[in-house]
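The following exercises are to be worked through with the sequence and the model in view. Each task is followed by a solution in steps.

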Amino acid sequence: MNQSSLGNITTLAKRELKGYFASPVAYVFIVIFLLLVGFFTFMLGNAPFFKLGQASLDSFFKWHPWVFLFLVPAIGMRVWSEERRLGTIELLLTMPITAWQAIVGKFLASWAFLLLTLICTFPIIMTVNYLGKPDNGVIFGAYVGSFLMAGSYLAISCMTSAITRNQVISFILSCVICFLLILCGYPPVTEFLTTLGVSQSLIETIASLSFMTHFDAFQKGILDFRDLVFFFSVIGFSLFTTGVILRSHRAG
Amino acid sequence: MIKVQKLRKEFGPKVAVNSLSFEVERGEVLGFLGPNGAGKSTSMRMITGFIPPTDGKVFVGGFDMIENPIPAKRLIGYLPENAPSYNDMTVHGFLSFCAEIRGLRGEDLKKAVHRVVEMCFLENVLYQSIDTLSKGYRHRTCLAQSIIHDPEVLILDEPTDGLDPNQKHEVRQLIKRMGEKKAIIFSTHILEEVEAVCSRAMIIDRGEIVANGTPDELKAKADRAGVVTLIVGGVAGSVVMEKLGQVAAARKSAVVKEESSRVVIRIYPKTQCINGELAHQISDLATREKWRVEELHTEEGRLDEFFRSITLPDTKSEETK
């Protein structure tokens, strides 16, 4: 990557990120995310935060895949469909930049925004540290996992938003894809598959495609190279597909 | 500067642009004319590298748009149809972004933004969000974006669409001024614009070039070009008609209107010419006959007439969006 492509990506990402804060989208998103995650953490489940009786954030992180499932596509759905709807894609792609610089720049901006949202949950770290002595390494690992998972959801949403200029369709498509990728590793589902007599190796293969399987390891504080590879492959593949879709639209 | 060779674009079974070839040099303003769906926008999108052609080549400043798009795109300023821009940004923010992506930084960027803001009269709305602007301002914001890097090549898709008559005039003057140093292609539906701005005009119909020449050359091809209108007072139409039979350059003549005091006659030339020969002969005749001539003039021919005569009135071939 040379200097100018890095410069182009930064310029694009800066514009995109500013765009979030120029409209109420950013603020609404952050507030809703914090409210939902807070509500789930303290109120729902077998072991909500206070009843758990442990200085850990398990009850916090276990809801992330589900909250992201609806909120990340809401961020990602406009990335390309908005460009196509407004016609600005014609401006963007006739500028002296490559399509992949545009794709990466826009993706990184939205991902940075999701990082910011995650950072806004910092009071819960302070709370748990005040109440007890949690393993902050595990918490850090879980945050990394959560961030990577959000990135994967986002890359998939970027891809679906390149498919259509209708944001609603884009939103629903990415929700469904992400939901399937959660489900295929969700214990109740894998157990159900076992009762159907599906062979164990096939179930494991399917489960290894799931966000859940890989996020679990992070939640336990394990930073496994294979899990990192998984999330980065999902991101890489989705962004590559986005490029193919955008090109095929232009080829007519 | 711009060289287009056998450009072709198919959308499924439909051929949008078929074997388009032309060149535009620095100092030329080429007007793209054609009915809706003729392939003007598609051609422009291929020249700017937005969509890849099915076949054929585009060279901008010697760079192949397909093989080497980045240096080619650097030379181009482009105003797409409907002048899109990022609605959530301010005019200043948008122009700064466009300048930055064009590689301008620091002082250069500020100067460039200042220059185009002045050229396109955007001072009053500089810090307003683009979605609050009127269509005219939005259009000029996008136009400003296209000239922010002072490009050598300008591609403008309907640059005066949606502007009021004063703004249209300003934009035309701007294009004409810039056309002295740049290679410009612009499309329009307004034929008078072609006469006012272009050094060359090209009419496209169903993806093919059907006429190519200076506006004067094209006008001369119109049916009515060279027709002489004569208004004489105090003589009966039939008398005038009879005498006109002796005029060598006239093919035929017809009485358009006859009133008690005067008669309006239209005389068609034998060969399509607008050199004034027919008018001279009629003028000589009128002097000999001592007619009281109220008016005698040669039609220059009109572009819209020529346009209508060579583009087929077919609305089936609507552009696919």
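**Exercise 1. The strand β6(B)**

Which residues point one way from β6(B), which point the other way, and are they buried or exposed?

*Solution.* The model is a predicted one.

Step 1. Sort the residues by direction: B:Ile76 and B:Tyr78 point one way from β6(B), and B:Gly77 and B:Leu79 point the other way.

Step 2. Assign their accessibility: all are buried.

Step 3. Find the partner strand. β6(B) is joined by four bridges to strand β7 (residues 153–157) of chain B, and the two run parallel.

Step 4. Identify a bridge partner: B:Leu79 is matched with B:Leu156 in β7(B).

**Exercise 2. An open sheet in chain B**

State the order of the four strands that form an open sheet in chain B, and explain what is left without a neighbour at the edges.

*Solution.*

Step 1. Read off the order: the strands follow one another as β2-β1-β4-β5 (chain B), with antiparallel pairing.

Step 2. Consider the edges. β2 (14–24) and β5 (63–64) of chain B each have a single partner strand, so one side of each has no neighbour in the sheet.

Step 3. Examine one pair in detail. Two bridges connect strand β4 (residues 55–60) of chain B with β5(B), in the antiparallel sense. Here B:Val60 stands opposite B:Phe63 in β5(B).

**Exercise 3. Two residues with a positive phi**

Determine where B:Lys6 and B:Ala83 lie, and decide for B:Lys6 and for B:Ala83 whether the residue is buried or exposed.

*Solution.*

Step 1. Recall the general expectation: most residues other than glycine have a negative phi.

Step 2. Compare the two residues with it. B:Lys6 is not a glycine, yet has a positive phi of about 45°. B:Ala83, again not a glycine, has a positive phi of about 45°.

Step 3. Locate them. B:Lys6 belongs to strand β1 (residues 2–11) of chain B, whereas B:Ala83 is found in the loop between β6 (76–79) and α3 (91–101) of chain B.

Step 4. Apply the cut-offs, under 20% for buried and over 50% for exposed. B:Lys6 has 58% relative accessibility and therefore counts as exposed. B:Ala83 has 6% and therefore counts as buried.

**Exercise 4. Surroundings and separations**

Describe the places of B:Leu230, A:Ser174 and B:Arg308, with their accessibility and some of their relations to other residues.

*Solution.*

Step 1. Begin with B:Leu230, a residue of strand β11 (residues 228–233) of chain B. Its relative accessibility is 0%, so B:Leu230 counts as buried. Leaving aside neighbours within four places in sequence, its contacts include B:Val240, B:Ile265 and B:Trp291. From B:Leu230 to B:Leu126 there are 104 residues in sequence and 55 Å in space, C-alpha to C-alpha.

Step 2. Turn to A:Ser174, which is part of helix α11 (residues 167–183) of chain A. This residue also has 0% relative accessibility and so counts as buried. With neighbours within four places in sequence set aside, A:Ser174 touches A:Pro73, A:Ile156, A:Ser157 and A:Thr160.

Step 3. Finish with B:Arg308, in helix α11 (residues 303–310) of chain B. At 57% relative accessibility, B:Arg308 counts as exposed. B:Arg308 and B:Gly27 are separated by 281 residues in sequence and by 29 Å in space, C-alpha to C-alpha.

**Exercise 5. The two chains as wholes**

Describe the secondary structure, spread and surface of chain B and of chain A.

*Solution.*

Step 1. Count the elements and judge the spread of chain B. Chain B contains 11 helices and 14 strands. Its radius of gyration is 25 Å, well over the 20 Å given by the globule rule for 321 residues, so chain B is more spread out than a compact globule.

Step 2. Do likewise for chain A. Chain A contains 15 helices and zero strands. Its radius of gyration is 19 Å, close to the 18 Å given by the rule for 252 residues, so chain A is as compact as a globular protein of that length.

Step 3. Note the buried shares: 51% of the residues in chain B and 50% of those in chain A.

Step 4. Consider the surfaces. Chain B has an accessible surface of about 14,800 Å², with 48% belonging to carbon and sulfur atoms. For chain A the area is about 11,700 Å², with 72% belonging to carbon and sulfur atoms.

Step 5. Locate the charges. In chain B the mean positions of 44 positive and 46 negative charges are 1 Å apart. In chain A the centres of the 15 positive and 11 negative side chains lie 11 Å apart.

Notes:
Residues numbered from 1 in each chain as written. Chains lettered and ligands numbered in written order. Predicted model: local features only at pLDDT ≥ 70, side-chain atom pairs only at ≥ 80, totals over all residues. Heavy atoms only, no water. Rg over C-alpha atoms; globule rule 2.2 N^0.38 Å. Buried < 20%, exposed > 50% of the residue type's maximum accessible area, 1.4 Å probe, protein only. Areas by Shrake-Rupley, 256 points an atom, 1.4 Å probe, with all protein chains shown as cover. Lys, Arg positive; Asp, Glu negative; His and termini not counted. Charge placed at Lys NZ, Arg CZ, Asp CG, Glu CD. Pairing = 2+ DSSP bridges. Contact = heavy atoms within 4.5 Å.
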